[in-house]
Amino acid sequence: FIVSSKNLLEDARKGGYAVPAFNIHNLETVQVVVEAANELNSPVILAATPGTVGYAGEDYLINIMKAAAKNSNVPIAYHLDHHEDVEAIERSIKLGAKAVMIDASALPYEENIAKVKSVVDFAKKYDVSVEAELGKLVGVEDDLVVDESESQLTDPELANDFVERTGIDSLAVAIGTAHGLYKSEPNIDFERLEKIEKKVDVPLVLHGASDVPDETVKRCIELGICKVNIATELKIAFSDQLKKYLKENPEANDPRKYMKDAKASMKELVKKKILLCNSNDKA
Ligand code: 13P
Ligand code: ZN
Ligand code: NA
């Protein structure tokens, strides 16, 4: 069955590792992530943005997740990533989603709190874990586009107030990572992360982990990151290999064949990220 991410992240916090959250888009990408997690005995979070839910359909997605969980020996959490629409969240929760991110980070502080709190109140009734973001990441995540000038790092002095007043289960922090790829190496504010970790009592989440050097991700996990979000790198691994295959096999027309190498290439990367998070053998 599908689990909430609350216990997964609490265990990760105690164990000093992180649970990877992989953005999926369709049956194939779910299969890849679940196979890799099973082979490495890792708990795993499958994340769907509103763009993905719109593309695949909420009913299709939730039932693919249920099938994934049924065919799995490791805990599978289905997570609604960067959701802003409260009604869409409530619909998916009623269908069986057990983990959500309500992203109200574009709103002023008090409005962010009020919106997040309303989702937490609803989610609690269904045993659903809630993540929210304080601060704002730059970059592009589907329809969410945040310009450099709008970006805002998480204020450690507000973090605990935000967590306590909203009642969230995990906090997404803005410490210098960005959605998508980087123009130059990301400048991560480790000191800020340390301060936030000392002040709040819930697991912390790192968004934008694609294209962040491994050593930097590891340091973030040491400093208290318990969930690492990865999207862009997986899309690249899959599509690069798909393009290569179709170029070498221009007559190919069978999706069961032409996606095979693409899936294998994405799976290899998923495994690398699981090992990076050190969540292998923690299921
Ligand atoms: P990347 O695309 O940079 O991996 O970011 C993923 C993310 O934060 C999903 O919420
Ligand atoms: Zn994100
Ligand atoms: Na990134």
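**Metal sites, ligand contacts and buried elements**

Gly208 and Ser210 are both buried. These two residues offer a handy way into this predicted model, since a metal ion and a ligand meet the chain at both of them. The sodium ion (ligand 3) takes its protein donors from backbone oxygens labelled O, namely those of Ala178, Gly180, Gly208 and Ser210, at 2.4 to 2.6 Å. Along the chain these donor residues follow the spacing A-x1-G-x27-G-x1-S. Gly208 and Ser210 also appear around ligand 1, where 15 residues gather and the closest are Asp81, Gly208, Ser210, Ala231 and Thr232.

The polar surroundings of ligand 1 can be followed through three distances. A polar side-chain atom of Asp81 sits 2.6 Å from an oxygen atom of the ligand. For Gly180, which is also a donor to the sodium ion, a polar backbone atom is 3.0 Å from an oxygen atom of ligand 1. The side chain of His207 places a polar atom 3.1 Å from an oxygen atom of ligand 1.

His207 leads on to the zinc ion (ligand 2). Its protein donors are NE2 of His82, NE2 of His179 and ND1 of His207, at 2.0 to 2.1 Å. In sequence, the zinc donors are arranged as H-x96-H-x27-H. His179 belongs to strand S10 (residues 178-179), while His207 lies in the loop between strand S11 (204-206) and helix H9 (214-222), so this pair ties together parts that are 28 residues apart in sequence. Both histidines are shielded: His179 has a relative accessibility of 8% and counts as buried, and His207, at 1%, counts as buried too.

The strand that carries His179 is part of an open sheet. This sheet has 3 strands in the order S8-S7-S10, and its pairing is mixed. Strands S8 (144-146) and S10 form the edges, each pairing on one side only. Strand S7 (residues 138-141) pairs with S10 in the parallel sense over 2 bridges. Within S10, His179 has Gly139 standing opposite.

The loop between S11 and H9 also contains Val212. With a relative accessibility of 4%, Val212 counts as buried. Beyond residues up to four places away in sequence, Val212 touches Thr177, Tyr182, Pro186 and Val217. Its C-alpha atom is separated by 9.6 Å from that of Asn187, although the two residues are 25 apart along the chain.

Attention now turns to helix H2 and the elements around it. Helix H2 (residues 27-39) has 13 residues and should span 18 Å at 1.5 Å a residue; its end C-alpha atoms are 18 Å apart, in agreement with that value. Its buried residues are Glu28, Thr29, Val30, Val32, Val33, Val34, Ala36 and Ala37. In an α-helix there are 3.6 residues a turn, so residues three or four places apart point the same way. The buried residues of H2 pack against strand S2 (19-23), strand S3 (44-48), helix H4 (58-70), strand S4 (76-83) and helix H12 (260-277). Just after H2, Asn41 adopts a positive phi of about 55°.

One of the packing partners of H2 is S3, and this strand is worth a look of its own. In S3, 5 of the 5 residues are buried, so the strand is largely enclosed by the rest of the structure. Val44, Leu46 and Ala48 point one way from S3, whereas Ile45 and Ala47 point the other way, and all are buried. S2 and S3 run parallel and are joined by 3 bridges. Opposite Ala47 in S3 stands Asn23.

A final site concerns a charged side chain. Lys227 is found in strand S12 (residues 225-230) and, at 1% relative accessibility, counts as buried. Its side chain is joined to that of Asn229 by a polar contact of 3.0 Å. Leaving aside neighbours within four places in sequence, Lys227 is in contact with Leu9, Ala18, Val19, Ala21, Ile45, His79, Glu131, Leu204, Val205 and Leu206. Among these partners is Ile45, which also points away from S3 and is buried.

Notes: Residues numbered from 1 in each chain as written. Chains lettered and ligands numbered in written order. Predicted model: local features only at pLDDT ≥ 70, side-chain atom pairs only at ≥ 80, totals over all residues. Heavy atoms only, no water. Donors = N, O, S within 2.8 Å, 3.2 Å for Na, K, Ca; no water. Helix = DSSP H or I, 4+ residues; strand = E, 2+ residues; numbered from the N terminus. Buried < 20%, exposed > 50% of the residue type's maximum accessible area, 1.4 Å probe, protein only. Pairing = 2+ DSSP bridges. Expected span 1.5 Å × (residues − 1). Contact = heavy atoms within 4.5 Å. Near = heavy atom within 4 Å. Polar contact = N/O pair within 3.5 Å; in protein donor to acceptor, adjacent residues only side chain to side chain.
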